[in-house]
Amino acid sequence: MSKLELRTFDIDSVAFGDRTTLLGRALTVSKDELRALVLADPAFSAVDIQLVRPGEAARITQITDVVEPRAKSGGTGGVFPGLVSPVEPAGGGRTDRLRGVAVVTSGEVPWLGTKGLFVAHDSVLDTAGPGADLHPYAGLHLLVFRLSFADGVDHEGLERAVLLAGEKVARTLALEAHDAEPSLVETRELAPPATPLPRVVYAYQVQSQGVFMRSRLYGRILDELVPTLVHPNELAEGALTSGGLGGHGAKMHTWMHQNNAVVEGLIAGHGTRWDFAGVILHRGHFYLYEDKQRVALRIAETASLLGASGAIFTLGGAGNNTTEAMLAIQECERRGIKTVLLTWEHAGPDGSDYPLPFGVAEAVAIVSTGNLDEPLDLPAMERVVGDPAIRVRPEIGGVPFPVDGPIRLERRTLYAGSANPLGFGRTGSVET
Amino acid sequence: MREGPIGPGIGLQKELGDAGRVVATFICGDNRAATDLESFGAEVESALRAQKADVLVAGPAFNAGRYGLACGEACARAAAMGIPAVTAMNLENPGVELYRRRTYILPAGATALGMPETLGRLARFALRLARKETIGSPAVEGFYGRGVRKTQLLERPAADRALDMLSARLAGKPFTSELVLPPVERSTPAPPVKDIAHARIAIITTGGIVPKGNPDKLKQSNSTEWRTYPIEGLDSLEAGRYESIHAGYDTSAANANPNYVVPLDALRELERAHAFGSVYSRYYVTVGVGTAVTESRRIGREIAADLRANKVDAVILTAT
Amino acid sequence: MISALGPVASDLGANRVVRGVKIPHPCGDPSLDPAGDHDLRVRLVRGSLNALSTALEQAAIFDGVAA
């Protein structure tokens, strides 16, 4: 049985200095060391490092990933197995995490002429004002790595390079915790409950249908994923990472996979409210109806095999992705497994349209994180970290959209994290 | 149309007191109204234009189905014209599901035994509408939810709300879903094409196939418009001359062979074999990807009108 | 309608649906040789003509039709 000792080191201050060290709760970061670490990858021509402290009003543009610093300090294996560490068992031993600081990679990823789905869409994220409630990073020190790309790197290369850069830095920072005093030590283990409790599973849907719209498990892309069972401790180690540089309102950064609010809630309630039996990882957005049916059946069968009486679902995207989840909900309910779906809506700009693109009669329990089609008015921030304009309309070759000063986003898909796909935030829908 | 209050209008006038005046009553047999809601609605519109009213009150219809439809239609037309409107009917009345998104409908009992009390509520609500007061949410004001949703910050994180809902379901306790899926509207299948051998057939696609370069700048998602492009004299869609700008699927196959999404080559072959009459000279294109249902309906209506005007008999619509 | 997600289209109100191949290429299959792919496309369009000529009381899903 997987048993992970998770040590949390709360960070109260971050500053730049000569060497990267952690003293008490103060993290010092060496720009030179980290710059050298990132630029060891020839995919990058330059990197600029900036710090945004909690409480500052910054607009960060073109975020590609957000990663929480974690590193192993005991036992076998390493964090981000298959990417930064070898493919070895994850989820046991001892892992250190720095809470209160996050590594943010950003940059204008070249579009290389594509116009459709596989584009590194640009986003904005505000650390203050109304936008600060729409993502989980507002209370964190954000170390923003603004990446510039070398010529001649193709999409696959860009995607991998960006992903690895964030993870390498994240691990390097967390390694500094090794001798420090943790704020919190938890033992995470899904021990059998003392009294019988209903078994529940989490059907975790991720994106993986092609470059820039991907996720990785132990470093392997999930484009062909048949639903598979994962232990939440593996997620804590960064076994599941982002890779997606596209579609941000709904996009899940690596940080979100590491700190999944649904997983945290299920772990917290294990042994008291339920018996958390595991995570059924799957991808949505299959192009064949039969593939969607396969996903639905595999999820329901796996849940049944585990003796689950309940299943909670989250989505990796809307539209096409909603179908897999709904069909799986139908199959689960038919087997007597009670379901809850956490999703956002596309109810049109005025909130009056059909909220979901597809539904089944069995989906009787839905929690909504609000309407992603609603316009979002954002005030000016004190500074812009990154380019003062982002690119929109890839289908006509790209058009600059200036984002310094107050802006109105016609739809929230340009705002990082706004779909609240894993339920971190308090967003919801109220009928008027 | 008669001057002054008639029937329930008299009771309504009593409830309004000096604050409002029922200037006219529109009377119609409920059968006549419900059998042809389209022309009934049009008559309501002309009547309202002639009257200069501040508010329209319809019903109360209680459980009378045809009356409910007529009330709903009348109020929906008024609201669309900018004249505030309100009606009242029982939850079971079919008018509720059909019209609650288009006008305010207050709850009412099943029979006219509740008339005085319902008229009181209608009068108060009508006065507030006439005074242009802010109307709160259905939970507060009591009217049937209009299916209009606004994003707000609730008290607790969504994950906690979802896990609480799961707990409740596992314990067999009552729970309230935050979202109830509206019913899908179905239409009766159109009659089949009578004479396929002579039929003019048009191609529509939501797959985003446009001439290379996207000359009309068709959006890749959240569509609000449609376009047509000529295919007269073309035996197929040539790769390199067309591309897909759709943001919801891998477009490499479609770009290599646009006929995968707009099957012109197959249509031409069957046209030559006289399996049908002719291919209409233009194809229609839009995209899906988050396109609102209301926009889709409007796009569909406009395309349908264009098809009719061009004497198209049938359509093959390809979806991606 | 030709759609790879036949049952979804049907559930959402499309009355005459022909099962397409796959979302990115509903009217063909790039894994087939050109002749087989073209043949498949003609079958799907024939299936559409068949669906258009069929009287229906309610929504139905059709397949492609061989000559």
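**Figure 1. Where chain B meets chain A.** In this predicted model, chain B and chain A bury about 5100 Å² between them, and 58% of that area sits on carbon and sulfur atoms. The contact brings together 55 residues of chain B and 65 residues of chain A. If you want a few residues to look for on the chain B side, try Arg149(B), Thr151(B) and Arg169(B): they supply 15% of the area that chain B buries against chain A, more than any other three residues.

**Figure 2. Salt bridges and polar contacts between chain B and chain A.** Five salt bridges turn up across this interface. One to zoom in on pairs the side chain of Arg169(B) with that of Glu333(A), at 2.7 Å from N to O. On top of that, 27 residue pairs are in polar contact between chain B and chain A, counting pairs with both residues at pLDDT 80 or more.

**Figure 3. What chain B puts into the contact with chain A.** Three elements of chain B each give two or more residues to the side that touches chain A: β6 (149–153), α8 (158–170) and α11 (293–309). The most comes from α8(B), with eleven residues. By residue type, this side of chain B splits into 24 nonpolar, 15 polar and 16 charged.

**Figure 4. A strand pairing that crosses from chain A to chain B.** Here strand β28 of chain A (residues 427–431) runs antiparallel to β6(B), and five bridges join the two. Pick out Ser429(A) and you'll find its bridge partner in β6(B), Thr151(B). Thr151(B) has already come up as one of the three residues that supply 15% of the area chain B buries against chain A.

**Figure 5. Where chain A meets chain C.** Chain A and chain C bury about 800 Å² between them, 78% of it on carbon and sulfur atoms. Have a look at Tyr287(A), Tyr289(A) and Phe358(A), which supply 65% of the area that chain A buries against chain C, more than any other three residues. The contact takes nine residues from chain A and ten from chain C.

**Figure 6. A closer look at the chain A side of the contact with chain C.** Don't hunt for salt bridges in this view: the count across the interface of chain A and chain C is zero. There is one residue pair in polar contact, with both residues at pLDDT 80 or more. On chain A, the elements that give two or more residues to the side touching chain C are α6 (289–305) and α7 (320–334). That side of chain A divides into six nonpolar residues, two polar and one charged.

Note on methods:
Residues numbered from 1 in each chain as written. Chains lettered and ligands numbered in written order. Predicted model: local features only at pLDDT ≥ 70, side-chain atom pairs only at ≥ 80, totals over all residues. Heavy atoms only, no water. Contact = heavy atoms within 4.5 Å. Buried area = accessible area lost by both parts, 1.4 Å probe. Salt bridge = Lys/Arg side-chain N within 4 Å of Asp/Glu carboxyl O. Polar contact = N/O pair within 3.5 Å; in protein donor to acceptor, adjacent residues only side chain to side chain. Helix = DSSP H or I, 4+ residues; strand = E, 2+ residues; numbered from the N terminus. Nonpolar A, V, L, I, M, F, W, Y, C, P; charged D, E, K, R; others polar. Pairing = 2+ DSSP bridges.
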